[in-house]
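Subject: Structure for you to look over

Dear colleague,

Please find below the structure that I am handing over to you, together with its sequence. My notes on what was found in it follow underneath, and I suggest reading them with the structure open.

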Amino acid sequence: MKIVVIGNGMVGLKFCERLLADKSRSFEVVVLGEETLPAYDRVHLTDYISGKTAAELSLKPLDWYREQNIRLCLGEPVVRVDRENKQVHTKYNRLEYDNLIIATGSAPFRPKISGIGKQGVFYYRTIQDLDQIRNYARSARTAAVLGGGLLGLEAAKALLDLGVADTHVIEFSPRLMPRQIDETGSQVLAGKLRSLGLSIHTGKELIEVNGLEKIQSLSFADETELPTDMLVVSAGIQPRDELARAAGLQTGTRGGIVVNDKMQTSDPSIFAIGECALFEERIYGLVAPGYEMATVAAAVISQKEKSFTGFDMSTKLKLVGVDVASFGLPFADDNEYRSVIFENKVTGVYKRLTLSQDGKQLLGGILIGDADAYNMLLQVTINRLAIPERPEEILFTPAAGKTIHQNGVTHLPDESVICSCEQITRFQICDAVEHKDCESPEAVKKCTGAGTGCGGCMPLVKDLVEYKLKELGKYVKRNVCEHFGYSRQELFDLIKLKNLRSYDEVLDHLGKGHGCELCRPLVSSLLASIWNDMILKNGNDTAQDSNDRYLANIQKGGSYSVVPRIPGGEITPDKLIVIGEVAKKYQLYTKITGGQRIDMFGAHLNDLPYIWEELINAGFESGHAYGKALRTVKSCVGSTWCRFGLHDSVSFAIRIEERYRGLRAPHKIKSAVSGCIRECAEAQSKDFGIIATEKGWNLYVCGNGGSKPQHAILLASDIDSETCIRYIDRFLMFYIKTADPLTRTATWLNKMEGGIDYLRNVIVNDSLIIAEELEVEMQQLVDSYACEWKAVVNSPELRKKFAHFVNDPKAKDPSVQFEPLRGQKKAMEWK
Amino acid sequence: MKSSDSIAMEWYPACQVNDVPRNGGVCVKLGEQQIALFHFTRNGEWYASQNSCPHRNQMALSRGMIGSLGEVPKVACPFHKKSFSLIDGRCLGNEQEYSIQTFPVKIENNTVFIGLTKNQN
C-alpha cells in the first residue's frame, strides 16, 4: 500500500512510527518535508538558543528512516494534490498514493499591521527562524515580542538568553495566556516575569511598525510608542490548509482541514493530523493530541478500530523559570462551580482549583510558581478520583500534596494514562517494572517511551517505579540494603541524633534482620565519621569490612600487609632503618607505594601486633592503607630544595596529613600538595589537591584516579593556608555527610545537581549556612584522633583478636605459604 | 555431603562461649581441620562450617561478616564477598556451583562443641 505523508514535523513523524510499528503489514511510505532539516523537537525550541544543537533536537536520525524503508524527501514542498488521480505533485516529483496524510502543521499567524514586513521582524517557529533571530539579536539592545501566550513567552525567554536584556512582551488581551489562566494568575505571572527582567504590556494593541527599512519603534492604539531594535511575532497559529483548500477538501471558516473522528478529511483516502486538522471546530495546538491523532490515523489505515475523541489540553511548562500549569477546566466564574484559591504574594505563588458544586470532584485548576502537584491533580481530574474533604489542603500544605501524590499512585486505576504524549498507562509502567526488568525511571523511559515527549510525567513515573519496586520487595535504590529502610545520609543524621555508638545498637534501633556485608561496613564508616571511637571496640570489630577488621590489607593467601604513615612522603634515615629491620625480622616483602610510603607484605595475622609494636615504639603510626579513609597527602620537594618551588609544599602536606589522619569517609581520600605549577605531586588527580601560586594556594577538588580517572576542578584560588584548611574541613565534612555509599569524590560531584558551582557556593560562599557546623564537626574528629594500632598494641584484649586459631593462638595458619622472588618472597598462586 | 552410613558423630570441644566475638566468627583447630564458628548473638544461634572458601580455597570464612538474606543466616567471605547459607552451606547469589560444609554446634556449661563424624576429624 502506498502512503504519502506531507510534512515531516513531530506529528508527521509520529504517524510513520505508529504505522510501521506493525511489522505484519507492508507499506511503501514517502515523506515530503518542506524544511531542510528532518523532524525535530519543536516543543523544546528554546533549548536551541540555550545551547542544544539542531542535531540534538532532531527526533530520529536519518538512518532510522532508511531502516524503516521510508523515502524521506527534505526541502521538497508539495505544490498540488490531484485527488482524482491520487497523485501528489512536488517541484521535482509526482508521487502516487493509496492513502495521503496531510501533516503540514501550522504557520505563525501574520497580523496585517502596517510595517510588519520591515527588517528586524521575525516569526518564531522553525530552527531557521531561530538562526535568523540569533544573528540579529547580536546587535539588538531592545526587543519586543508580539503575543503573550505560550509561544510568545518562550520567544521572550529566548531573547533574554540571547543577551537582549531589555525585552518587552506585548499582549492584545487584558491578560497573559488568556486561555489557560485567569486574571489573578496572569498578574502573578506577569509579576514574576517582571522580576526576571521582562517588561510586560497587556491590553495593548499594536497598530504600526515604524522605521525606514529597519524597525525602530512600535505604535499602539493607546497612542503610546515603544522604541525597539527587533520584533518577534508570536501572535497565534494559522493551520497550513492551502493544499487541502486547493484540492477541494472541506476546510473551516477560520482555517483548518475538517476531519472526522477517524482523522479522515472529506475525501476518505486523505487524512489530516496535527495542527492543520480541525476536529469539532477545534485546532489542537499541543503535541500530545497531535500524537493521538497520528495514532488514530495509523490504526485506521491498518484497519484497526480507533477513534479520536478530543483531547485534554492541560499543560505544565516552565516559562522563563516560572512554573505554569493549567488543566481540565482551569477556571469558571459562574455559580455552577466552586473555586478554591490560594495566593502567596511574597513567594509569587498562585493556585486555583475548580470543583464541582458539591465539592466532591476536581474539574481543573491553575498552578503558578509551584506546579509540583500538577501530575497528580491532572490524574485526579481525568480519572475522577476522590479528593480530600477539605481540598484546600492540597494547596496549603505541601506535605499533604506530596502525600496525595505518593498515595495517589497506589489508587490510580491501571488504565489511567500517565504519559499523555505517548499514551502510556499506569499498567504499562508497572508491567515494565514487574516483568521487563526495569528498576529505574530511566529504564522505564527506555522500555515504554514514557517521558520521551514533553517529559512532564517523569515525577509521576518515578513515584510509580518506587512504589512498584517496594511492592515487589526490591528495595528502592536509596535504601542501603534490605536491613535498613534508610539512605546513608538519613542514617548519618539518625545515628547522631540517637547517640548510637555500635553497629548492634544501630541495627536494633533502626534496622532488621542480622545485617550483611553492605550495611555493616557502611554503618561502621558512619560511626567512625561521627564519633571517631576506636573501630574494634564496642563490639564493632565484627561489623568491619575485611581489611578494617584487622587494621591491615588482606592479601592473596591469607597474609596481611603493613603500612606505617609517612606524612608528606618525608622520612628520616633512622626511621627508614627501622622499617628495614622490621621487614627483615618478620620476613616481609617491601615495596614503595604510589602514595610515597612503604608497604610491607606477607605478615601473618598473629605477627601483626608484634610488628606494629616495634613500629609504634619507633614513632610510627597507622597509615590507614586498609580503610575507606584518608590515605596520603603527597608532596613535591617544594621551596626548601627546589629552584622552582614557590612555597614549602612538604611542610604543608605534612600539616594536612597530620590533621586528617584517621578520618573515615564514604571512600578513600587521597591528596597532594605541589609547590608550583609544574605539579610534581600530581595534585590535580586528587580528591583535594593544593598547588602553590605566587600569592598563596589554589585548592582543587574531586579528582580521582582508578579505572575512570578524572581531574580535580578549581574550587578557590590564591588563598592562604588557614583559609585552605577551613575550606578542606568543610569540603570533607560535606562529602562525608551527603555522599552515597562507596562513592568517590569525582562520582559524588558528577551526580551533584548544580555541579562545581553549587559545591563552590556551599563551601566557599556558605550558601547553606552550614560552614560553621561542618568546621566544628571536623575539629571534633581532629581533636579525638588516636592511632588505632597504638590502641591495639597497648590492649591485651584487642591483641587477643589477632590469632588465627581461637583454640591455639600461638599457631600460625599453615595454609599461608610463600615463594621466593627476586631475593624477597611472594604469596603462592591461587589454586 | 555427609557420609552415607550411620557413622557416629562426636562432639569436640572448640572453645569457651566468651572466646567468640558477638555477631562474628572465629577459627577452630580440630585435628587437621579448620572450622569456622559463628555466634548470632541477636537470636542466640550458633553455626559452624569449613573455614576454607571454595571460591579460591582460602582459609578465611571465619573472618567474614555474618548477616542474613531474608530469613537465611549467612557469612560473606572477606576475599570476594561470596555469601554462604549457614543452614545448608549453599552459595547465595549467582554462583550456585559453590557450597560449603556445615557442622552442628551445641553449648554445654559455657563450652562450645562442634559435631564432626569420625572420618571428618
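A:His624 is buried, because 25 other C-beta atoms lie within 10 Å of its own, where 20 or more are enough for that label. Please keep in mind throughout that this is a predicted model. A:His624 is placed in the loop of chain A that lies between α20 (608-617) and β32 (630-635), and its phi is near 50°, a positive value in a residue other than glycine. As background, most residues other than glycine have a negative phi.

Two further residues of chain A can be read alongside that one. The phi of A:Gln423 is near 55°, again positive although the residue is not a glycine, and A:Gln423 sits in the loop between β26 (417-419) and β27 (424-425) of chain A. A:Gln423 is partly exposed, because 16 other C-beta atoms are found within 10 Å, a count that falls between the limit of 12 or fewer for exposed and that of 20 or more for buried. A positive phi of about 55° is also taken by A:Arg384, which comes just after helix α10 of chain A. That helix, α10(A), spans residues 374-382 and is mostly covered, with eight of its nine residues buried; among them are A:Tyr374, A:Met376, A:Leu377 and A:Val380.

I turn next to the sheets, beginning with the one that contains strand β1 of chain A. Five strands of chain A make up this open sheet, in the order β3-β2-β1-β7-β19, and their pairing is parallel. Its edges are formed by β3 (70-73) and β19 (270-272) of chain A, each of which pairs on one side only, and from one strand to the next the twist averages 15°.

How enclosed is strand β1 of chain A by the rest of the structure? Since four of the five residues of β1(A), which covers residues 2-6, are buried, the strand is largely enclosed. On one hand, β1(A) is joined by five bridges to strand β2 (residues 28-32) of chain A, and these two run parallel; A:Ile6 has A:Leu32 as its bridge partner in β2(A). Between these two strands the chain passes through helix α1 (residues 10-21) of chain A, and this β-α-β crossover from β1(A) to β2(A) is right-handed. The helix α1(A) lies across β1, β2, β3 and β7 of chain A, and it runs at about 160° to β1(A).

On the other hand, β1(A) pairs with strand β7 (residues 99-102) of chain A in the parallel sense, over four bridges. Within this pairing, A:Ile3 stands opposite A:Asn99 of β7(A), and A:Val5 stands opposite A:Ile101 of β7(A).

A:Gly7 deserves a separate look, as this residue is located in the loop between β1 and α1 of chain A. With 27 C-beta neighbours inside 10 Å, A:Gly7 counts as buried. Leaving aside residues up to four places away in sequence, A:Gly7 touches A:Gly12, A:Gly33, A:Ile102, A:Ala103, A:Thr104 and A:Gly105. One of these, A:Ala103, is 96 residues apart from A:Gly7 along the chain, yet the C-alpha atoms of the two are separated by 4.9 Å.

A second open sheet of chain A has three strands in the order β13-β14-β15, and here the pairing is antiparallel. The edge strands are β13 (206-210) and β15 (225-227) of chain A, each pairing on one side only, and the twist from one strand to the next averages 20°. Strand β13(A) is joined to β14 (residues 217-220) of chain A by four bridges, in an antiparallel arrangement, and the bridge partner of A:Glu208 in β14(A) is A:Ser219.

Finally, a word on the contact between the chains. In total, 24 residues of chain A are in contact with 27 residues of chain B. The side of chain A that touches chain B is made up of six nonpolar, ten polar and eight charged residues.

With kind regards

Note on methods:
Residues numbered from 1 in each chain as written. Chains lettered and ligands numbered in written order. Predicted model: local features only at pLDDT ≥ 70, side-chain atom pairs only at ≥ 80, totals over all residues. Pairing = 2+ DSSP bridges. Right-handed = clockwise from strand over helix to strand, strands pointing away. Contact = placed C-beta atoms within 7 Å. Nonpolar A, V, L, I, M, F, W, Y, C, P; charged D, E, K, R; others polar. Axes fitted to C-alpha atoms, helices over the stretch in contact; angles between N-to-C directions.
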